[in-house]
Amino acid sequence: MPGRRTTSRNLLAGLTVALVATLVAALAPTVGAAPAHAAPVLLSQGRPATASTTEGGAFPASAAVDGNSGTRWSSSFSDPQWLRVDLGSRATVTGVTLVWEAAHARAFQIQTSDDGSSWTTIHSTTNGTGGTQTLAVSGAGRYVRMYGTQRATGYGYSLWEFQVFGETGGGPVDPVEPTDPRNPNLGPNTFVFDPSTPTATIQSRLNTLFTQQETNQFGPQRYAVLFRPGNYTADVNLGFFTQVAGLGMSPDDVNLNGHVRVEASWFGGNATQNFWRAAENLSVTLPAGVSVERWAVSQAAPYRRMHLRGAQNQIQLWDGYTGWSSGGLMADTRIDGLVVSGSQQQWYSRNSEFGNGWTGSVWNMVFQGVAGAPTPNFPNPSHTVIPTTPLVREKPFLYVDGTGEYRVFVPALRTNSAGTSWYNKTPAGSSISLADFFVVRPGTSAATINNALAQGRHLLFTPGVHRITEPIQVNRANTVVLGLGLATIQTDNGTVGMRVADVDGVKVAGLMFEAGTTNSPVLMEVGPAGSAASHAANPTSLHDVFFRIGGPGVGRATTSLVVNSDNVIGDHMWLWRADHGDGVGWTVNTADTGLIVNGDDVTMYGLFVEHYQKFQTIWNGNGGRTYFYQNELPYDPPNQAAWMNGSTRGYAAYKVADSVTSHQAWGLGSYAYFNVDPSVVAERSFEVPNNPNVRFTNMVTVSLGGVGTINRMINNTGNTVNTTNQVSYLTGYP
């Protein structure tokens, strides 16, 4: 809106005076009346505010309650729209003042609520005048909102200030539960061991968890197993939704004599469904006489900040005998010996060290900033090797310092890096006491979470499914949001799961977002629409952030992730519309698009997007970069007519908008398996503008088992893959 119309700016001259006059009028006692009650107080200023939409990053909901007459909230140009403030506790509401910009409401209501879901109208008008409106009202609730149903102009709704007056009864405003950094309550599903814990006790717990979780890919159970610094003897066999991690500053601070492994015996040696588990910040010494560690996984199973000791040893990324594996991540990790990929179909290794190198290749192996990477020779073998990583921040992690205090280490940005951040070096970064975190346990409302955020706390989500009915709103720069045990945020009532403001340096890590039965427009939004601030010096970053539409039951969301802010870093993400499980079907777990990038200079490292019903990924911003992309098109179009983009057969796996003038991507794979109707054709996997600054390097398309057809690889270039010719490679475009 800045500069778009002069009439709105004319309000500024008298705004401060109007605000003062309004406050005086609202607070002044009536002449001659007995003062039976304390004067109403301004309850809303500085409280958490949310809105149905924002016009852009310069007009957030919080601007309407910040007491600054020069900032405002502005909505998109449609009806209805709302602005809501959380007072922190139930209050008696006696007055509301709205200071409108020229784009005001003709018809609106003032409403209160105790839970942010059920609303009571305490004022209604269909003849709003704009300007400064001072309303005497009578109501009560924790939440107060302006609900606009008819705009007075062709623009949106725009408020310089939204002020709520009343009384709270003198009670405290929702104190945030303190966190004891030496003895935090990490919930019943987090198990912390120290070297004094009997080995038998540790192994018994590990065996119990594995027995429960070996096949439990769609249950609600989530677990974290944490080891304080020291030496242990343990065989950690990881099942679904289990994270094992060390609590040292270095992986070598915790050594497990035994294994940290993933097997595929539950699925007959086929590891293509070994999802959702994690090993982090540990060193492993294999038992005497054993030289093989197994990490037979597919998506969403990071092997991060690990050290497998022993130059004579190897880690195998497959079952080792019969089955396939289908994609994974190794990051900030040292393998003293050899990495053997076997039947692993695709893999992304970043900023790691392989003492005895790597062997194996199927379709798409990408190495970035890896010491000991193989020689680049795509497509035979299909090794894409990128010497350095231009700009990355490693994932924040929980640790215990030398005094016994729990802290979170936030690694610093690294530029043009190779190798690990920790081996034979001191990691750069900052440390935050867990006292500065709000520990979120299942059952905590989003309102309580937002209250903690508004009071300056970071968030630590404990293992479990966290159901929310309103967005988690991260507004403060440099906020850390960290999940343990693949903690899951499930959206109920069609809400957005999380919104991150257009601010510097937010870090979101170790979380899964899951759609509920009522369609959500988006599960996570980074920056509001129209975000334009530069964050080049301190970007927001997403680490091991996963999305799921369906599987445990019906789930629906139009888009999983929208990135509006500039300079965002994505560090390993899997966005998945379920192709198996419960609540799965073309008209059941509906989801148009996995990822939409509107921001400029956004970088994705290790991006997996699968089975969405329209474009899998849409990239609208300039300067984007993707290093490793893995995609499967939707399995289940019922017929060609049901999967058409106008006159084009199907939708691309990766769409770069025609308006984009600069974009680069390396190591991309897209696969078709149209098992409902094998005659379905995808016209192409990658659709990009023809511009010399839009460059794609090392691509592969596959018709899995010859079931379905991809006609061209990128635009109108590349061989058809189908029953006869199942794999096609292309080293560059244009």
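This passage describes the internal cavities, a parallel sheet, a covered helix and an exposed glycine in one structure. The model is predicted, and the features below are taken up in that order.

Within the predicted model, five cavities of 30 Å³ or more are counted, and the largest of them has a volume of about 110 Å³. The lining of this largest cavity comprises 14 residues, of which Gln 243, Ala 245, Glu 280, Phe 397 and Leu 398 are the closest to the centre. Two or more lining residues are contributed by each of the strands β12 (242-246), β29 (397-400) and β37 (480-491). In chemical character, the lining of the largest cavity consists of eight nonpolar residues, together with four polar and two charged ones.

A further element of the architecture is an open sheet of four strands, arranged in the order β16-β19-β22-β25 and paired in parallel. The edges of this sheet are formed by β16 (292-294) and β25 (358-359), each of which pairs on one side only. Between β19 (residues 314-316) and β22 (residues 338-340), which run parallel, there are three bridges; Ile 315 has Val 339 of β22 as its bridge partner.

Helix α4, which spans residues 446-454, is mostly covered, with seven of its nine residues buried. The buried positions are Ala 446, Ala 447, Ile 449, Asn 450, Asn 451, Ala 452 and Leu 453. In an α-helix there are 3.6 residues a turn, so residues three or four places apart point the same way. The buried residues of α4 pack against six strands that are spread along the chain, namely β4 (81-100), β7 (132-151), β33 (437-440), β34 (458-461), β35 (465-468) and β36 (472-474). Just after the helix, Gly 456 adopts a positive phi of about 90°.

Strand β7, one of the packing partners of α4, also precedes the loop in which Gly 154 is placed, this loop lying between β7 and β8 (158-167). In contrast to the buried residues of the helix, Gly 154 is exposed, because its relative accessible area is 59% and the cut-off for exposure is over 50%. The C-alpha atom of Gly 154 is separated by 8.5 Å from that of Ser 78, although the two residues are 76 residues apart along the chain.

How values were computed: Residues numbered from 1 in each chain as written. Predicted model: local features only at pLDDT ≥ 70, side-chain atom pairs only at ≥ 80, totals over all residues. Heavy atoms only, no water. 1 Å grid on protein atoms, 1.4 Å probe; cavity = no way out; pocket = protein on both sides within 12 Å on 5 of 7 lines; lining within 4 Å. Points joined across faces, edges and corners; volume = space filled by probe spheres on them. Nonpolar A, V, L, I, M, F, W, Y, C, P; charged D, E, K, R; others polar. Pairing = 2+ DSSP bridges. Buried < 20%, exposed > 50% of the residue type's maximum accessible area, 1.4 Å probe, protein only. Contact = heavy atoms within 4.5 Å.
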